[in-house]
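Welcome! Take a moment to look over the sequence and the model, and then we can walk through some of the contacts together.

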Amino acid sequence: KVALFGEVIEDPERQEKFTRAVFKSEEAKILLTIPHYPEVKYGDILEIEGKLREPENFSDFDWKDYLAKDNIYFELFLPEILSRREGGGFWLKRALFKTKHVFLDNLAKVLPEPEAAFMAGLTAGERSGFPRSLSEDFRKGGVIHIVVLSGYNVSIIADNVIRTVGISVYLSAATGVRLVGNDLSSSGAVPLYMDGGATLAPLTEYGGAVLKTEAAAAAVPPL
């Protein structure tokens, strides 16, 4: 067993039985497989203990290479969480993820399943609640990209806005938030009564892509 101290650097992905979280220590980036509770969030600073292992490929999927593209070369399955505290990570990214989850909770309240899971994937790129049977139907129909890429497409819009409006990262982010929020509402992707904070949830995708760290934010090039 090894004891590690580090931080959750991405929004954890809740799956059917477990939650997956990308954890970064001084030594390496590690994919954690942990129970749903206690809940772990982006920015949580953890002290964990467990047995490191290298990823193993599935029969029909190169899982090892899939993780390696993100510089993840180790996994920890059900590590013991010795301590946890909040407040790490970039504050704006934390806020965006929080808004995303409020949005997803609202979707679950106003839409039945699987419509709620579909809209979560369409607007926020969220796949954790997507039923496996529905996912297979989409794959067979050749339209799974609608769900997988839609949230990412929103992130591309916001990323371009941030890079174009080169006054400051905060003003650029605010402008991108408003433009994409308007785009989602006007297109009907999100009902008008959800406009405002709820429609900002898809922007957690560009928060992850553009605002990974404060240094990355400061490095946004001006016009």
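Are Lys-100 and Asp-11 buried or exposed? Both Lys-100 and Asp-11 are buried. Please keep in mind that you are looking at a predicted model.

## Salt bridges that reach across the chain

Lys-100 and Asp-11 are also partners: they form a salt bridge, with 3.3 Å between the closest N and O atoms. This pair links distant parts of the chain, since Lys-100 belongs to helix α2 and Asp-11 to the loop between β1 and β2, 89 residues apart.

Now look at another pair, Lys-93 and Glu-10, whose side chains meet in a salt bridge of 3.5 Å, N to O. Lys-93 lies in helix α2 (residues 91–110) and Glu-10 in the loop between β1 (2–8) and β2 (13–14), so this bridge ties together parts that are 83 residues apart in sequence. Lys-93 counts as buried because its relative accessibility is 2%, a value under the 20% cut-off. Glu-10, with a relative accessible area of 26%, is partly exposed.

## A small network

How many salt bridges does the structure hold? There are six. One of them joins the side chains of Glu-86 and Arg-84, at 3.7 Å from N to O. Asp-44 comes into the picture too: Asp-44, Arg-84 and Glu-86 are linked in a network of salt bridges. Arg-84 has a relative accessible area of 37%, so this residue is partly exposed.

## Aromatic rings together

A pair of aromatic rings is described by two things, the distance of the centres and the angle of the planes. Rings count as a pair if their centres lie within 6.5 Å, and by this rule there are eight aromatic pairs. In one of these, Trp-63 and Tyr-66 are stacked, with 5.6 Å centre to centre and 20° between the planes. An angle under 30 degrees is what counts as stacked.

Where do Trp-63 and Tyr-66 lie? Both are in helix α1 (residues 63–68), three residues apart, which is about one turn of the helix. An α-helix has 3.6 residues a turn, so residues three or four places apart point the same way. Trp-63 counts as buried because its relative accessibility is 8%, while Tyr-66 is partly exposed at 35%.

The two rings have company: Phe-58, Phe-61, Trp-63 and Tyr-66 form one aromatic cluster. Tyr-66 has a charged partner as well, for the charged end of Lys-69 sits over its ring, 4.6 Å from the centre.

## A helix with two sides

Which residues of helix α4 (residues 132–141) are buried? Leu-134, Ser-135 and Phe-138 are among them. Seen down the axis of α4, the buried residues fall within an arc of 100°, so they line one face of the helix. On the other side of α4, Arg-132, Ser-133 and Lys-140 are exposed. After α4 comes Gly-142, which has a positive phi, near 75°.

## The second largest pocket

Finally, turn to the second largest pocket, with a volume of about 890 Å³. It is lined by 33 residues, and the closest to its centre are Asp-11, Glu-39, His-101, Leu-104 and Asp-105. You have met Asp-11 already, as the salt-bridge partner of Lys-100.

Which element gives the most to this lining? The answer is α2, with ten residues. β2, α2 and α3 (115–124) each supply at least two residues of the lining.

Terms used: Residues are numbered from 1 along each chain as its sequence is written. This is a predicted model: local features need pLDDT of at least 70, side-chain atom pairs count only at pLDDT 80 or more; totals for chains, interfaces and linings use all residues. Side-chain values use heavy atoms; hydrogens and water are left out. Rings of Phe, Tyr and Trp (its six-membered ring) pair if their centres lie within 6.5 Å; planes under 30 degrees apart count as stacked, over 60 as edge-to-face and the rest as tilted. Helices (H or I, at least four residues) and strands (E, at least two) are DSSP runs, numbered from the N terminus. Buried means under 20% relative accessible area, exposed over 50%, partly exposed in between (1.4 Å probe, protein chains only). A charge sits over a ring if NZ of Lys or CZ of Arg is within 6 Å of the ring centre and within 35 degrees of the ring normal. A salt bridge is a side-chain nitrogen of Lys or Arg within 4 Å of a carboxyl oxygen of Asp or Glu. The arc is that of the directions from the helix axis to the C-beta atoms. On a 1 Å grid over the protein atoms alone, a cavity is a set of points where a 1.4 Å probe fits but cannot get out, and a pocket is an open set with protein on both sides within 12 Å along at least five of seven lines; lining residues have an atom within 4 Å of a point. Grid points are joined across faces, edges and corners, and a volume is the space filled by probe spheres set on the points.
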